[in-house]
Amino acid sequence: MSKKLVNAIAEMREQEALAIAKEMVEGGSDPMEILDSAREAMGIVGQRYEEGTYFLPELILSGVMLNQIAEIVKPVMAEAAKVERHGKVVIGTVEGDIHDIGKDIVVFMLDVNGFEVLDLGIDVAPQKFVEAIKDFQPQVVGLSGFLTLAFDAMKDTVEAIKKAGLRDKVKIMIGGGQISEEIRKHTGADAYGKDAVAGVSLVKEWVGAK
Ligand code: B12
């Protein structure tokens, strides 16, 4: 974890944060360390938002910084991973929810670990997931959500997949800020992943990739 990077993001010093991330990449730091620092900083931003010291502009800027940092880190991670595609995943942020930073990290990690990923984006209606399963024929579906209302949207999505007769064709994993094992039970999904690394492990387990 880089304290300097955590502080620069948490204090909204955008240029400094990007410079530190670049410096770390060029200096050969582990890309995961950079992403972990960014995640730690997002936690601080979220806490300050809850306390009322930060407002929406800070939330937005922190999101922009995280995306830029992911772009800086991406080339080194892609280089490190041998890209041999061994499974398909459809993923999206569920209906009513527009948070995509966490999802994008999951997409990115699946991608560099050799999975073919169809990212449906944000605010994705259950029927859109159903159509994507029919067309793209993934082994795994990932549902992301950060709002409390996402819990029911996830449940509705799982139910729509069931109704379309596709439930036994896919494994469904869910994740996002407030998602827990209890929420997983509520939604009827197969598993919950606390972070992108857990998501990749689940997909590897389900498609039998090493
Ligand atoms: C950044 C942010 C925003 C940005 C989002 C930018 C973007 N492009 O995503 C903006 C400013 C747009 C935003 C908007 C809003 N936000 Co907001 N936001 C946040 C914040 C600060 C950080 C979320 C984040 O991106 N974290 C960084 C990622 C990397 O976190 P992570 O959880 O570690 O990610 C990992 C896991 O979640 C997992 N994962 C994620 N998805 C998936 C999927 C699968 C399948 C798997 C396996 C794993 C997985 O892997 C990730 C990577 O390792 C949180 C506070 C917080 N502390 O979480 C509030 C928060 C989520 N927002 C909140 C709210 C209320 C809102 C708004 C309603 C505000 C408003 N009044 O308009 C709107 C929502 C509009 C909507 N319809 O969605 C609340 C939600 C409260 C609730 N109970 O519902 C929170 C908790 C803040 C708070 N404490 O009040 N927000």
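**Exercise 1. Find which residue of E5 is the bridge partner of Ile-174, and follow the chain around it.**

Solution. In this predicted model, where local features need pLDDT of at least 70, side-chain atom pairs count only at pLDDT 80 or more and totals for chains, interfaces and linings use all residues, the partner of Ile-174 in E5 is Tyr-192. Residues are numbered from 1 along each chain as its sequence is written, and side-chain values use heavy atoms, with hydrogens and water left out.

Step 1: E4 and strand E5 (residues 191–192) run parallel and are joined by 2 bridges; two strands pair if DSSP finds at least two bridges between them, and strands (E, at least two residues) and helices (H or I, at least four) are DSSP runs numbered from the N terminus.

Step 2: Between these strands the chain passes through helix H8 (residues 181–187), in a β-α-β crossover that is right-handed, a term for a path that, with the strands pointing away from the viewer, runs clockwise from the first strand over the helix to the second.

Step 3: E4 also runs parallel to E3, with 5 bridges joining them, and Val-141 stands opposite Ile-172 in E4. E3, H7 and E4 make a right-handed β-α-β unit.

Step 4: Of the 5 residues of strand E4 (residues 171–175), 4 are buried, that is, under 20% relative accessible area with a 1.4 Å probe and protein chains only.

**Exercise 2. Explain why the buried residues of H6 line one face of the helix.**

Solution. Step 1: In helix H6 (residues 126–136) the buried residues are Pro-126, Phe-129, Val-130, Ala-132, Ile-133 and Phe-136.

Step 2: Looking down the axis of H6, these buried residues fall within an arc of 165 degrees, so they line one face of the helix; the arc is that of the directions from the helix axis to the C-beta atoms.

Step 3: Their cover includes strand E1 (88–93), strand E2 (116–119), strand E3 (140–144) and helix H7 (150–163). Just after H6, Gln-137 takes a positive phi of about 50 degrees.

**Exercise 3. Identify the only protein donor of the cobalt atom of the ligand, and place it in the chain.**

Solution. Step 1: Donors are N, O and S atoms within 2.8 Å of the metal (3.2 Å for Na, K and Ca), and water is not among the atoms, so sites may look incomplete.

Step 2: The only protein donor of the cobalt atom is His-99, through NE2 at 2.3 Å, and His-99 has its place in the loop between E1 and H5.

Terms used. Buried < 20%, exposed > 50% of the residue type's maximum accessible area, 1.4 Å probe, protein only. Contact = heavy atoms within 4.5 Å.
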